[in-house]
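Work through the exercises below with the model open. Try each task before reading its solution.

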Amino acid sequence: LVAAGVSITALAQDGRRIAWLQPRPRRHAVIKNLVSGRKVALPTKRFESDLGSTDVLPSIALAGNRVVYVLYERQGNTEEHFFVVTSGLRDRRERLLASAISSDCPCPEALPSWQFAADGANIVYPFGRRLYRLSGRRPVRIPGSPGDIAVSGNRYASADLLSRSGCICNL
């Protein structure tokens, strides 16, 4: 059993490691080794948007030594900005993988969810209508639909409901 003693917005596990997100004002991810008890706060250098008021969505993926999560900010009541970022134990800077702006506001009070799937060294995530796999520090576009996703080792599956029976692609 692990007690963090802080407010946590999302949690992920990969083998002997767990990772969690803390909201503002600290806004960072923590990776903890469950065997040694060692924990490392990420990032050492944060991604900064033009507005500088980013917070974390309650979604995180952990694969080996690397985490991926989404930052967001609202600009008044008309626009939301989303930034997919990554950070890791070996490279502790927050690196931007993708960004998007949503202008179909008024923005709802509830935060949107973001889906990730991770296993071993692989993290798969949707962005727009496409799927990406994190390869080292860079995203690589992969075939599939951004519906439900799962990862096992080097294989992934994506499923998107196209009709009542649905369609599943195992790639």
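A patch is made of residues with over 30% relative accessible area and no salt bridge, and nonpolar side chains are joined within 5 Å. Note that this is a predicted model.

**Exercise 1. The nonpolar patch**

Task: Find which residues make the nonpolar surface patch of about 260 Å².

Solution:
- Step 1. The patch is made by V6, I8 and L11.
- Step 2. Place I8. This residue is found in the segment before β1 (10-14).
- Step 3. Check the exposure of I8. The relative accessibility is 37%, so I8 counts as partly exposed.
- Step 4. Compare with the cut-off. A patch residue needs over 30%, and I8 has 37%.

**Exercise 2. The fold in outline**

Task: State how many helices and strands the protein chain has, then describe its burial and surface.

Solution:
- Step 1. The count gives zero helices and 15 strands.
- Step 2. The chain has 171 residues, and 42% of them count as buried.
- Step 3. The exposed area is about 9600 Å². Carbon and sulfur atoms supply 48% of that area.
- Step 4. Turn to contacts with a separation of 6 or more. Residues 24 or more positions apart account for 44% of them.

**Exercise 3. The first hairpin**

Task: Determine which side chains of β1 are buried, and follow the chain into β2.

Solution:
- Step 1. Side chains alternate along β1. A10, A12 and D14 point to one face and are buried. L11 and Q13 point to the other face and are not buried.
- Step 2. β1 pairs with β2 (residues 17-22) in the antiparallel sense, over five bridges.
- Step 3. Find the partner of D14. R17 in β2 stands opposite.
- Step 4. Inspect the turn. Two residues lie between the strands, and G15 takes a positive phi near 60°.

**Exercise 4. Along β2**

Task: Decide whether W20 and Q22 are buried or exposed, and list what Q22 touches.

Solution:
- Step 1. W20 is found in strand β2. With a relative accessible area of 2%, W20 is buried.
- Step 2. Q22 lies in strand β2 as well. Its relative accessible area is 7%, so Q22 is buried.
- Step 3. Leave out residues up to four places away in sequence. Q22 then touches V6, S7, R27, H28, V30 and V56. V6 also belongs to the patch of Exercise 1.
- Step 4. Look across from W20. A41 is 21 residues away in sequence, and the C-alpha atoms are 9.7 Å apart.
- Step 5. Look across from R17. The C-alpha atom of G37 is 9.5 Å away, at 20 residues along the chain. G37 lies in the loop between β3 (28-33) and β4 (39-42). With a relative accessible area of 36%, G37 is partly exposed.

**Exercise 5. A cis peptide**

Task: Identify which residues a cis peptide bond joins.

Solution:
- Step 1. The bond joins L42 and P43. Omega is about -15°.
- Step 2. Place P43. This residue is in the loop between β4 and β5 (55-63).

**Exercise 6. Aromatic pairs and a salt bridge**

Task: Report how many aromatic pairs the whole structure has, classify one of them, and find the salt bridge.

Solution:
- Step 1. The search finds four aromatic pairs.
- Step 2. Among them is W114 with F127, at 6.1 Å centre to centre and 35° between the planes. The pair is tilted.
- Step 3. W114 lies in the loop between β8 (95-102) and β9 (117-119), and F127 in strand β10 (residues 122-127), so the pair ties together parts that are 13 residues apart in sequence.
- Step 4. Both W114 and F127 are buried. With F82 they form one aromatic cluster.
- Step 5. The structure holds one salt bridge. R95 and D91 form it, at 2.4 Å from N to O. R95 is partly exposed at 24%, whereas D91 is buried at 12%.

**Exercise 7. Two successive hairpins**

Task: Trace the chain from β10 to β12 and name the glycine in each turn.

Solution:
- Step 1. β10 and β11 (residues 130-135) run antiparallel, joined by five bridges. The bridge partner of P126 is L131.
- Step 2. Two residues separate β10 and β11, and G128 in the turn has a positive phi of about 65°.
- Step 3. β11 pairs with β12 (residues 138-142) over five bridges, again antiparallel. L134 stands opposite P139.
- Step 4. This hairpin has two residues between its strands, and G136 in the turn has a positive phi of about 65°.

Technical notes. Residues numbered from 1 in each chain as written. Predicted model: local features only at pLDDT ≥ 70, side-chain atom pairs only at ≥ 80, totals over all residues. Heavy atoms only, no water. Salt bridge = Lys/Arg side-chain N within 4 Å of Asp/Glu carboxyl O. Buried < 20%, exposed > 50% of the residue type's maximum accessible area, 1.4 Å probe, protein only. Phe/Tyr/Trp six-rings, centres within 6.5 Å; stacked < 30°, edge-to-face > 60°. Helix = DSSP H or I, 4+ residues; strand = E, 2+ residues; numbered from the N terminus. Contact = heavy atoms within 4.5 Å. Areas by Shrake-Rupley, 256 points an atom, 1.4 Å probe, with all protein chains shown as cover. Patch = residues over 30% accessible without salt bridge, like charges linked within 9 Å, V, L, I, M, F, W, Y side chains within 5 Å. Pairing = 2+ DSSP bridges.
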